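Thank you all for coming; I would like to talk through one model this morning, beginning with a helix and then moving to a sheet. Please have a look at it first.

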Amino acid sequence: MSSNAVIRATSVTKRFGDFTAVDDVTMDVKPGEVVGLLGANGAGKTTLIRMLLGLLQPTGGVVTLFDGPPDRDRRARLGYVPQNLGLYRDLTVAENLDFSTGTYGVATPTLPGDLRSHAGTLVGKLPLGAQRRIAFIVALAHSPAALVLDEPTSGVDALSRARLWDTIRGESDKGTGVLVTTH
């Protein structure tokens with residue numbers, strides 16, 4: 001595997017007692033590449049992502065982000081959209097954007113025209129497709145070098161799904177490495 005991988009797993013295994021959730025996975029994501037991690041629900045995709053992010057320690061093998069351990073500085077170079085979107089449902093769209101961009105010290109992005117009218121709306125009151133788009137805006141606001149997307153189009157209509165895939169392709173065209181899970 002090349003040394004320019006932004007995300008790498010080498011012979012990664014995760015066991016919980018006698019249960020093996022991830023078994024000897026080796027993969028890498030290079031700049032500008034979209035890598036799909038496919039598998040049924042319960043196949044270990046989210047567990048692998050949690051190890052790649054440094055949220056879980058592997059039982060075996062090695063994970064690296066930007067050629068080093070997944071520490072705070074390296075994670076700051078990632079954009080992440082978890083299955084549950086990572087948004088605060090009891091904050092408005094604008095408050096979610098301000099909070100997230102404040103943690104990275106970057107300017108709050110301007111919402112696309114069709115979402116601007118929702119800036120003052122609580123995220124939990126928006127349709128799932130709008131919530132997913134906002135989660136993408138939050139994840140991309142600090143111009144990450146890599147994106148990790150856990151089931152990013154789950155539960156959205158066909159038009160929203162197509163928009164999200166256009167966003168993913170656009171980011172990879174800019175050189176962002178993308179890891180995306182789906183079943």
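What should the 13 residues of helix α5 span at 1.5 Å a residue, and how far apart are its end C-alpha atoms? Before I answer, note that this is a predicted model, in which local features need pLDDT of at least 70 and side-chain atom pairs count only at pLDDT 80 or more, while totals for chains, interfaces and linings use all residues. Residues are numbered from 1 along each chain as its sequence is written, and side-chain values use heavy atoms, with hydrogens and water left out.

Helix α5, residues 128-140, should span 18 Å, the expected span being 1.5 Å times one less than the number of residues, and its end C-alpha atoms are 18 Å apart, which agrees. Helices here are DSSP runs of H or I of at least four residues, and strands are runs of E of at least two, numbered from the N terminus. Of the 13 residues in α5, 12 are buried, meaning under 20% relative accessible area with a 1.4 Å probe, protein chains only. Those buried residues pack against β5, α3, α4, β6 and α6, where contact means heavy atoms within 4.5 Å.

Turning to the sheet, 4 strands form an open, parallel arrangement in the order β3-β7-β6-β5, two strands being paired if DSSP finds at least two bridges between them. Because β3 (34-38) and β5 (78-81) stand at the edges with a single partner strand each, one side of each is left without a neighbour in the sheet. β3 pairs with β7, residues 177-182, over 5 bridges in the parallel sense, and L37 stands opposite T181 in β7.

Terms used. Buried < 20%, exposed > 50% of the residue type's maximum accessible area, 1.4 Å probe, protein only.
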